[in-house]
Amino acid sequence: MVEKTIVTRYAEYGSMTELETCDRELCEAAIAALSGSYAPYSNFNVGAAVRLADGNIVIGSNQENAASPSGLCAERTAMFAANATHPGVPMRSIAIVGSQNGSICDGITSPCGACRQVMAEYQHIAGADLSVLLISSSKILKFSRVDDILPFIFDNLDK
């Protein structure tokens, strides 16, 4: 047996003013996307924004349904909308934010496993890294690629 270690590298910012303009705009779009969230059951709102290679930003928000699990996460809503409205345009980054009772959460809102795998597939399709920004009320974490938040990505797809 050989014991190994996985190291995750990311940047932590104390506020959005520290971010590059393109990342700040993406985070602001994710926060704006919170207004479209439909979460009457969990009262947990999530907004996401995806920046495409052509500079366009597509937003999404979580959508719940009484017939659970018929809803959909904000991340997949944004990514699926981006691919549907801009087919063939690679995704370059995604920003994610959660809120409760009208306030951005103190802790980061990390994407679920299903959303991480969808991110991984779009990263694979693009043939380039997809950066991930996780926003809280006190900090923003930036991961350079999906692999950093999803070790051992399922990528046994035809190359």
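**Exercise 1. Backbone at two asparagines**

Asn 43 is found in the loop between helix H1 (21–33) and strand S2. The model is predicted. Describe the phi of Asn 43 and state whether the residue is buried, partly exposed or exposed. Then do likewise for Asn 101.

*Solution.*
- Step 1. Recall the background: most residues other than glycine have a negative phi.
- Step 2. Read the angle. Phi of Asn 43 is near 55 degrees, a positive value in a residue other than glycine.
- Step 3. Check the surface. Asn 43 has a relative accessible area of 45% and is therefore partly exposed, since the partly exposed class lies between 20% and 50%.
- Step 4. Move to Asn 101, in the loop between S4 and strand S5 (103–104). Its phi is likewise positive, near 55 degrees.
- Step 5. Classify Asn 101. Its relative accessible area is 76%, so Asn 101 is exposed; the cut-off is over 50%.

**Exercise 2. A peptide bond out of the ordinary**

Which residues does the cis peptide bond join, and where does the proline lie?

*Solution.*
- Step 1. Most peptide bonds are trans.
- Step 2. Look at omega. It is about 15 degrees between Ser 68 and Pro 69, and the bond is cis.
- Step 3. Place the proline. Pro 69 sits in the loop between S3 and H2.

**Exercise 3. The S2–S3 hairpin**

Work out in which sense S2 and S3 pair, parallel or antiparallel, and describe the turn.

*Solution.*
- Step 1. Find the sense. S2 and S3 pair antiparallel, over five bridges.
- Step 2. Fix the register. Arg 51 stands opposite Ile 57 in S3.
- Step 3. Inspect the turn. Four residues separate the two strands of the hairpin, and Gly 55 in the turn has a positive phi of about 95 degrees.

**Exercise 4. Helix H2 and its cover**

Compare the span of H2 with the expected one, list its buried residues and name elements that cover them.

*Solution.*
- Step 1. Take the span. H2 covers residues 74–85, twelve in number, and runs 16 Å from first to last C-alpha, close to the expected 16 Å.
- Step 2. List the buried set: Ala 74, Glu 75, Arg 76, Ala 78, Met 79 and Ala 82.
- Step 3. Recall the helix repeat. An α-helix has 3.6 residues a turn, so residues three or four places apart point the same way.
- Step 4. Identify the cover. It includes strands S2 (44–52), S3 (57–61) and S4 (91–100), along with helix H3 (113–126).

**Exercise 5. Two residues and their contacts**

Is Ser 93 buried or exposed, and which residues does it contact beyond four places in sequence? Treat Met 16 in the same manner.

*Solution.*
- Step 1. Locate Ser 93: strand S4. Its relative accessible area is 5%, so Ser 93 is buried.
- Step 2. Collect its contacts, sequence neighbours within four places left aside: Leu 26, Ala 49, Val 50, Arg 51, Leu 130 and Ser 131.
- Step 3. Locate Met 16: the loop between strand S1 (11–13) and H1. At 22% relative accessibility, Met 16 is partly exposed.
- Step 4. Collect its contacts with the same neighbours left aside: Arg 24, Cys 27, Glu 28, Ile 31 and Ile 140.

**Exercise 6. The largest pocket**

What is the volume of the largest pocket, and how does its lining divide?

*Solution.*
- Step 1. The volume is about 160 Å³.
- Step 2. Read off the lining. Among its residues are Ile 6, Val 7, Thr 8, Arg 145, Asp 147 and Phe 152.
- Step 3. Sort the lining: six nonpolar residues, one polar and four charged.

Notes
Residues are numbered from 1 along each chain as its sequence is written. This is a predicted model: local features need pLDDT of at least 70, side-chain atom pairs count only at pLDDT 80 or more; totals for chains, interfaces and linings use all residues. Side-chain values use heavy atoms; hydrogens and water are left out. The expected span of a helix is 1.5 Å times one less than its number of residues. Buried means under 20% relative accessible area, exposed over 50%, partly exposed in between (1.4 Å probe, protein chains only). Contact means heavy atoms within 4.5 Å. On a 1 Å grid over the protein atoms alone, a cavity is a set of points where a 1.4 Å probe fits but cannot get out, and a pocket is an open set with protein on both sides within 12 Å along at least five of seven lines; lining residues have an atom within 4 Å of a point. Grid points are joined across faces, edges and corners, and a volume is the space filled by probe spheres set on the points. Ala, Val, Leu, Ile, Met, Phe, Trp, Tyr, Cys and Pro count as nonpolar, Asp, Glu, Lys and Arg as charged, and the others, Gly among them, as polar. Two strands pair if DSSP finds at least two bridges between them.
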